[in-house]
Amino acid sequence: MNLLNILLWTGLSIFIFQLFVRLAKWQAFRKVPPFIVTTVVLILILQVGEIPYETYQSGTSPLLFLLTPATIALAYPLYKNIDIIRKNKSIVMASVVVATVVSLISAWGIGELFQANHVMNASIALKSVTT
């Protein structure tokens with residue numbers, strides 16, 4: 001793990017995200033969430049610069065390290081509001097099922113759009129359920 005690589009890719013990712021968070025305050029940018037635009041911009045940078053994803057991934061490892069406890073921290077509010085969740089369990093379950101189906105269909109459709117092979121398409125569709 002190279003310190004310069006970490007500073008470059010972590011810094012660039014945070015900078016681009018913060019840029020689009022600020023731009024989202026303007027009417028023209030309100031409809032698209034900053035994390036989606038950031039992802040698209042970073043993909044374009046990697047593609048145009050012919051930079052391997054592994055380089056980006058190793059450069060953003062501190063973000064991944066911080067993401068794990070943040071994900072776990074999301075469980076606390078769920079636990080704290082378990083009575084409300086139980087009271088509305090049919091709505092919650094229906095929402096989860098619909099979101100899962102939409103996620104699978106969207107991932108599969110995007111894979112088909114970009115002519116991914118069957119194995120890649122199945123992998124993308126399954127991964128979409130967990131993210």
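Read from the N terminus, the chain follows the pattern α-α-α-α-α-α-α-α, and its secondary structure comes to 8 helices and 0 strands, where helices (H or I, at least four residues) and strands (E, at least two) are DSSP runs numbered from the N terminus. The radius of gyration, taken over C-alpha atoms, is 18 Å, well over the 14 Å that the globule rule (2.2 Å times the number of residues to the power 0.38) gives for 131 residues, so the chain is more spread out than a compact globule. This is a predicted model, in which local features need pLDDT of at least 70, side-chain atom pairs count only at pLDDT 80 or more, and totals for chains, interfaces and linings use all residues. Residues are numbered from 1 along each chain as its sequence is written, and side-chain values use heavy atoms, with hydrogens and water left out.

Helix α7 (residues 89-113) and helix α8 (residues 118-130) pack at an angle of about 150°, with their axes 8 Å apart; the axes are lines fitted to C-alpha atoms, for helices over the stretch in contact, and angles run from 0 to 180 degrees between N-to-C directions. That makes α7 roughly antiparallel to α8 (an angle over 145 degrees).

Within helix α8 lies Asn121, which is buried (under 20% relative accessible area, 1.4 Å probe, protein chains only), with a relative accessible area of 0%. Leaving aside residues up to four places away in sequence, Asn121 touches Ala107, Trp108, Gly111, Glu112 and Ala116, a contact being heavy atoms within 4.5 Å. Across the chain, buried residues make up 16% of the 131 residues.

Technical notes. Parallel < 35°, antiparallel > 145°, perpendicular 65-115°, else oblique. Buried < 20%, exposed > 50% of the residue type's maximum accessible area, 1.4 Å probe, protein only.
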